Amino acid sequence: FFKHIKQHLTIKTYYSQSEQGVENQVILAMIVYLLTLLMKLELRLKSSLFTILRQIRALQYEPFAYFKESFAPG
């Protein structure tokens, strides 16, 4: 379980030194991971979760249609 978390959750730095703050950050990272996985499954995307997350960050202020077009075949 912890190996999977370390490999798949992108936590580069902890913004709090308290136990509660670190726990909140890990929970938020898990939510982002699961929402990205849900988006991949719902849209039937073939890309990796890392690629999808990069596209979300790159197009975060654009309409959702741009995101869907970026993964359209052809």
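Q25 is buried in this predicted model, because its relative accessibility is 16% and the cut-off for burial is under 20%. The residue sits in helix α2. Leaving aside residues up to four places away in sequence, Q25 touches I11, T13, Y14 and Y15.

One of these contacts, T13, belongs to the loop between α1 and α2. T13 and Q25 are separated by 12 residues in sequence, and their C-alpha atoms lie 9.8 Å apart in space. T13 counts as partly exposed, because its relative accessibility is 44% and the partly exposed class lies between the cut-offs of 20% and 50%. The contact therefore pairs a buried residue of the helix with a partly exposed residue of the loop.

Helix α2 itself runs over residues 19-43 and has 25 residues. From its first C-alpha to its last, α2 reaches 36 Å, close to the 36 Å expected at 1.5 Å a residue. Q25 is one of the buried residues of α2, and the others are G21, A29, Y33 and T36. A general point on helices helps in reading that list. An α-helix has 3.6 residues a turn, so residues three or four places apart point the same way.

What makes up the nonpolar surface patch of about 460 Å²? I27, L28, I31, L35 and L38 make this patch. I27 is found in helix α2. I27 is partly exposed, because its relative accessible area is 40%, which also passes the patch cut-off of over 30%. Helix α2 thus carries both the buried Q25 and the partly exposed I27.

After α2 comes R44, whose phi is positive. R44 is found in the loop between α2 and α3, the latter covering residues 49-58. The phi of R44 is about 55°, although R44 is not a glycine. Why is that worth a remark? Most residues other than glycine have a negative phi. R44 also counts as exposed, because its relative accessibility is 70% and the cut-off for that class is over 50%.

Confidence in the prediction varies along the chain. The protein chain averages a pLDDT of 84, and 92% of the residues score at least 70. Among the elements of the chain, α2 has the highest mean pLDDT, 89. Helix α1, residues 2-8, has the lowest, with a mean of 70.

Notes. Residues are numbered from 1 along each chain as its sequence is written. This is a predicted model: local features need pLDDT of at least 70, side-chain atom pairs count only at pLDDT 80 or more; totals for chains, interfaces and linings use all residues. Side-chain values use heavy atoms; hydrogens and water are left out. Helices (H or I, at least four residues) and strands (E, at least two) are DSSP runs, numbered from the N terminus. The expected span of a helix is 1.5 Å times one less than its number of residues. Buried means under 20% relative accessible area, exposed over 50%, partly exposed in between (1.4 Å probe, protein chains only). Patches are made of residues with over 30% relative accessible area and no salt bridge: like charges are joined within 9 Å, nonpolar side chains (Val, Leu, Ile, Met, Phe, Trp, Tyr) within 5 Å. Accessible areas come from the Shrake-Rupley method with a 1.4 Å probe; for residues, only the protein chains shown count as cover. A salt bridge is a side-chain nitrogen of Lys or Arg within 4 Å of a carboxyl oxygen of Asp or Glu. Contact means heavy atoms within 4.5 Å. pLDDT is the predictor's confidence in each residue, from 0 to 100.
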